[in-house]
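Student: Please show me the model. I want to ask how each label is earned.

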Amino acid sequence: MKSDIVLAGVGGQGILSIAATIGMAAVDNNLYLKQAEVHGMSQRGGDVQSHLRLSSQPIASDLIPKGKADIILSVEPMESLRYLPFLSKKGWLVTNTTPFVNIPEYPDMDKVIAEIQNQPNHIAIDADKIAGEVGNRRASNIVMLGAASPFIDIAYDALEEGIRKIFNRKGEKIVEVNLKALRAGKQATEEAIAHMN
Amino acid sequence: MQKLLLLGDEAIAQGAIDAGLSGVYAYPGTPSTEITEYIQGSKIARERNIHSQWSANEKTAMETALGMSYAGKRAMTCMKHVGLNVAADAFINAAITGVNGGLVVVVADDPSMHSSQNEQDSRVYGKFAMISILEPHNQQEAYDMAYNAFELSEKYALPVMIRITTRLAHSRAGVIRKPMLDENKSSLPKDPTQFVLLPAFARRNYKHLLSTRPDLEMVSTESPYNWLMDGHDKSLGIVACGIAYNYLMENFQDRDLNHPVLKLSQYPMPRRDINHLIEECDEILVLEDGYPVIEELLKGYQEAGTPIHGRLDGTLPRDGELNPNIVAAAFNLPVEEGAPVPDMVKSRPPAMCKGCGHIDAYRALNIALEEYGPGRVFADIGCYTLGALPPYNAINSCVDMGASITMAKGAADAGLHPSVAVIGDSTFTHSGMTGLLDAVSEKTPITVIISDNFTTGMTGGQDSQALGHLENIIKGIGVEPEHIRVFKPTAANLDEMVEIMREELDYNGVSVIIPRRQCIQTLRNKSLVHKVKELGL
Ligand SMILES: Cc1ncc(C[n+]2csc(CCOP(=O)(O)OP(=O)(O)O)c2C)c(N)n1
Ligand code: SF4
């Protein structure tokens with residue numbers, strides 16, 4: 001088993017929580033894991049990315065080679081496109097559609113969405129809206145993790161367990177919201193796939 | 001034992017704790033910061049009372065660690081690559097004094113300059129100091145090396161350097177711990193002159209340092225971190241240093257790697273293995289992240305002999321971080337790149353946070369300087385360096401920590417008036433104070449703006465040594481109290497700020513302006529908020 005995931009977003013959008021949750025699930029399942037994060041400068045509203053690699057075999061490189069990622073998991077639509085060179089031919093682009101506009105020349109949203117839909121395998125959902133519906137817009141990152149979960153080779157229960165462990169110290173309420181967010185994201189992808197078939 | 005999921009930085013921290021560390025001394029700097037932060041947050045470290053408070057700068061950190069080593073305990077000092085420039089005097093001389101308790105110097109380099117001014121390679125410094133250098137290729141090795149480095153340091157009574165790069169520092173993987181060792185008991189150096197570098201003693205010590213070369217080389221040859229892998233295709237031999245080894249192996253996951261490989265993670269170079277590789281192979285390829293240090297050594301000055309490939313002959317790019325694709329290109333392997341990045345994707349440069357006090361200070365400064373024209377603001381390193389970008393375009397230099405005040409002085413000496421320095425509180429106590437003394441001694445007409453946000457913002461909000469001391473330090477250095485001006489930078493105060501700046505820009509001597517407001521990213525740090533309140537700031 002191997003899953004190579006490029007996590008993408010803007011500083012402060014919570015991609016490291018996604019990584020931590022998957023990481024926790026991977027360790028509990030005795031998988032090998034490498035996760036390269038970006039710290040420092042790029043956290044001030046800059047673009048951030050993380051390469052997350054899971055495998056049943058030892059992993060050599062901390063960075064995913066171009067064309068080898070199984071998933072681009074992005075919490076921001078324009079950011080999802082920044083890492084296309086990494087996506088394999090059979091890989092999935094899974095992205096939030098709510099933009100994070102903090103630059104003057106942010107592209108026209110219709111064009112961004114068209115470009116996403118242009119990709120052979122894509123899931124585009126409004127994670128901010130879904131997160132709002134389950135009770136906390138800030139859980140949009142976990143909605144996106146849920147949306148990507150059908151493509152990650154880890155049991156869904158293990159991800160739930162990961163959420164419990166990662167958010168435990170923030171209290172039961174936050175754990176519950178994030179579990180709901182995870183489920184809602186997964187459902188959104190399942191519906192989208194049902195639609196395709 | 002359960003695997004811990006650790007950053008390379010954290011693996012080093014845990015390895016050091018488990019090896020019986022008694023103190024870590026450091027000044028924050030990406031990508032090294034998380035080493036010390038991990039120890040600060042560690043329960044065992046707290047129980048053992050392991051020292052982990054931040055130092056004022058890298059030089060004080062290095063020297064304090066050396067002092068702890070003098071007293072027989074195991075000490076570690078951590079910094080980013082440019083921090084070693086600041087600590088270089090102490091570092092080079094620590095190799096001459098040697099150590100008593102184990103002393104480990106961890107330096108995190110930043111090839112590709114993800115958050116730095118340059119991409120200098122600390123292995124050059126390690127070679128300069130003539131000590132052992134360990135360069136882990138993964139997180140487990142980072143842990144193991146930190147765990148074993150203290151013993152190595154004590155065995156040869158020399159500091160040991162651990163060199164990592166951003167990628168390993170900030171990448172997480174599973175790590176298995178070893179049994180925890182006790183801390184050393186205090187003990188004085190056996191020879192009371194060991195640390196006294198008077199020329200007579202220094203010459204003796206230096207000869208001793210030189211005499212350890214064969215031993216350190218032998219340790220490298222026998223090192224579990226260096227290994228030779230045989231291969232039947234001797235047309236090429238590969239030297240893969242530290243993390244570059246991972247990129248090599250990544251490309252040969254599903255292909256046979258038929259060439260001999262020397263995986264190199266401990267220096268000085270193991271001569272026996274290198275000679276073996278050169279003798280049996282027609283050509284050599286050197287993969288190393290950072291400068292072509294090993295490549296240059298192998299190449300020497302003469303172009304004759306075994307052809308050496310790497311960064312110097314264009315097989316690999318001369319600058320920047322390596323990655324699996326760059327290494328693939330060196331072997332002419334195909335890369336199945338995905339779709340190109342669409343043109344519509346725009347860059348998102350980092351920016352100061354909305355509501356940051358630096359922004360208000362720059363707004364006022366830009367207005368106050370309008371009448372004099374551009375080109376007179378020497379800034380420093382911190383979040384306020386982002387004031388170089390639009391819409392502020394407020395600063396004209398950023399060189400090294402502390403350089404704002406001294407460059408402003410030099411420019412003022414050359415006749416530039418007004419000449420302005422912009423520096424943060426943490427950078428000021430790191431290395432701005434001495435430059436201010438130079439200016440005060442000569443009453444050089446400069447205006448120094450210390451944008452005080454009570455923290456070391458750029459690196460994630462670590463404690464600032466300036467907190468509660470700033471005015472006293474400035475007065476103590478000799479700045480006239482009436483030319484020390486403090487205010488709160490807010491949009492509402494704009495006119496007042498501009499007025500104060502105009503007055504001080506006009507003054508023919510040293511003035512210090514302190515726009516003071518807490519970094520908004522630290523507002524949830526309860527202990528800092530409490531301290532600020534207690535100090536009445
Ligand atoms: C010699 C050296 N050490 C450390 C760093 C990393 N570094 C860059 S900015 C900074 C902190 C600046 O703090 P401060 O001056 O208070 O400004 P702020 O970021 O809070 O605005 C540090 C530690 C560096 N660039 N050079
Ligand atoms: S982190 Fe603090 S100092 Fe840095 S830009 Fe943000 S508010 Fe300003």
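Student: Why is Phe454(B) called buried or exposed?

Tutor: Buried means under 20% relative accessible area, exposed over 50%, and partly exposed in between (1.4 Å probe, protein chains only). Phe454(B) has a relative accessible area of 4%, so Phe454(B) is buried. Phe454(B) also has a positive phi of about 65°, although it is not a glycine. Phe454(B) is found in the loop between β16 (446-451) and β17 (455-456) of chain B. Helices (H or I, at least four residues) and strands (E, at least two) are DSSP runs, numbered from the N terminus.

Student: What kind of model is this, and how are residues and chains labelled?

Tutor: This is a predicted model: local features need pLDDT of at least 70, side-chain atom pairs count only at pLDDT 80 or more, and totals for chains, interfaces and linings use all residues. Residues are numbered from 1 along each chain as its sequence is written, chains are lettered from A and ligands numbered from 1 in the order in which they are written, and side-chain values use heavy atoms, with hydrogens and water left out.

Student: Why is Asn332(B) called buried or exposed?

Tutor: The relative accessible area of Asn332(B) is 71%, so Asn332(B) is exposed. Asn332(B) is found in the loop between α14 (324-330) and α15 of chain B. Phi of Asn332(B) is near 55°, a positive value in a residue other than glycine.

Student: What makes the site of ligand 2 a shared one?

Tutor: Residues from chains A and B surround ligand 2, so the site is shared between chains. A residue is near a molecule or strand if one of its heavy atoms lies within 4 Å of it. Chain A supplies Arg44(A). Residues of chain B in the shell include Cys353(B), Cys356(B), His358(B), Cys383(B) and Cys519(B).

Student: How does that shell divide by residue type?

Tutor: The shell has 6 nonpolar, 3 polar and 1 charged residues. Ala, Val, Leu, Ile, Met, Phe, Trp, Tyr, Cys and Pro count as nonpolar, Asp, Glu, Lys and Arg as charged, and the others, Gly among them, as polar.

Student: What does Gly46(A) touch, and is it buried or exposed?

Tutor: At a relative accessible area of 1%, Gly46(A) is buried. Contact means heavy atoms within 4.5 Å. Not counting residues up to four places away in sequence, Gly46(A) touches Gly9(A), Val10(A), Gly11(A), Arg348(B), Pro349(B) and Pro350(B). Gly46(A) sits in the loop between β2 (32-36) and β3 (47-55) of chain A.

Student: How many residues of chain B and chain A are in contact, and what do the chains bury?

Tutor: 49 residues of chain B are in contact with 46 residues of chain A. The two chains bury about 3800 Å² between them, 56% of it on carbon and sulfur atoms. Buried area is the accessible area (1.4 Å probe) that two parts lose on being put together, summed over both.

Student: What makes Lys68(A) and Glu336(B) a salt bridge?

Tutor: A salt bridge is a side-chain nitrogen of Lys or Arg within 4 Å of a carboxyl oxygen of Asp or Glu. The N to O distance for Lys68(A) and Glu336(B) is 3.9 Å, so the pair meets the rule. Across the interface of chain B and chain A the rule finds 5 salt bridges. Side chains of opposite charge can pair when their charged atoms come close.

Student: How do you know that Glu371(B) and Arg502(B) form a salt bridge?

Tutor: The closest N and O atoms of Glu371(B) and Arg502(B) are 3.7 Å apart, so the pair passes. The pair links distant parts of the chain, 131 residues apart. Glu371(B) is in the loop between α15 (357-369) and β14 (377-378) of chain B, and Arg502(B) is in helix α19 (residues 494-505) of chain B. Glu371(B) counts as exposed at 57% relative accessibility. Arg502(B) has a relative accessible area of 34%, so Arg502(B) is partly exposed.

Student: Why is His483(B) called buried or exposed?

Tutor: His483(B) has a relative accessible area of 13%, so His483(B) is buried. Leaving aside neighbours within four places in sequence, His483(B) is in contact with Glu504(B), Tyr507(B), Val510(B), Ser511(B) and Val512(B).
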